[in-house]
Amino acid sequence: ERAMQGRRLMDPLGVDRIQFINGVTGIANEVAESQGLRIEWSRSDLASNLDRRAGWLAEVGRWEEALAASTEAVQMFRRLAGGPGPSPGEGRDVDGLSDLARSLGNHSNRLVAVGRWEEAFDAITEAVQIFGRLAQAHPDGFFSSYAGSLNNYSGMLMDSGRREEALAASTEAVQIYRGLVG
């Protein structure tokens with residue numbers, strides 16, 4: 001990501017992706033309004049788009065803006081999921097928890113990019129906990145996401161010198177993927 005610092009990410013036609021997405025959203029709203037319609041954007045749509053925007057901002061080296069968008073996305077997903085804590089059930093929305101865990105994983109990358117390792121580790125740890133509990137409660141739906149978050153977690157453990165823990169997390173991820181492959 002750092003290699004992209006200062007460069008704008010362009011598609012093959014030379015269009016700045018961030019400007020393009022903002023423009024498309026504006027056009028969609030204008031067309032709907034011209035037809036007497038109103039597009040109802042949900043909070044989940046907004047949070048998803050903030051999370052996606054954070055990734056694009058990071059790709060073009062706009063680290064602080066990426067972190068701000070990512071932080072806002074995590075906060076929104078946390079509210080949508082029913083508050084803090086990694087456990088499904090008790091009125092907690094499973095899709096909301098999954099979105100929160102995915103966003104936390106992305107947020108950890110944004111935090112690493114600005115050197116906030118401890119917060120990054122907390123975010124990826126929470127993502128692993130959420131996906132682990134979702135995988136236990138819904139075995140058919142979340143083991144792949146759990147394995148992916150374990151893999152990311154193992155990378156962060158390795159980077160912080162916790163090699164044995166990193167190996168254990170990586171081993172668990174591989175075992176899950178083997179089970180999924182059959």
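**Exercise 1. Find out what follows α3, then describe the helix.**

Start at the end: right after α3 comes Gly-82, with a positive phi near 105°. (Helices here are DSSP runs of H or I, at least four residues, numbered from the N terminus.) A quick note before going on: this is a predicted model, where local features need pLDDT of at least 70 and side-chain atom pairs 80 or more, while totals for chains, interfaces and linings use all residues. Numbering runs from 1 along each chain as its sequence is written, and side-chain values use heavy atoms, leaving out hydrogens and water.

Next, check the length: α3 has 19 residues and reaches 26 Å from first C-alpha to last, close to the expected 27 Å (1.5 Å times one less than the number of residues).

Finally, look inward. Buried residues of α3 include Trp-63, Leu-67, Val-74 and Phe-77 (buried is under 20% relative accessible area, 1.4 Å probe, protein chains only). The buried residues of α3 pack against α2 and α4.

**Exercise 2. Work out how α6 and α7 run relative to each other.**

Take the angle: about 160°, with the axes 8 Å apart (axes are lines fitted to C-alpha atoms over the stretch in contact, and angles run from 0 to 180 degrees between N-to-C directions). So α6 and α7 are roughly antiparallel, the label for angles over 145 degrees.

Then zoom in on the contact (heavy atoms within 4.5 Å). Among its members are Phe-143, Leu-150 and Leu-157 of α6 and Ala-169, Ile-176 and Leu-180 of α7. Leu-150 touches Ala-169, Glu-172, Ala-173 and Ile-176, and also Val-128, leaving aside residues up to four places away in sequence.

Technical notes. Helix = DSSP H or I, 4+ residues; strand = E, 2+ residues; numbered from the N terminus. Buried < 20%, exposed > 50% of the residue type's maximum accessible area, 1.4 Å probe, protein only. Parallel < 35°, antiparallel > 145°, perpendicular 65-115°, else oblique.
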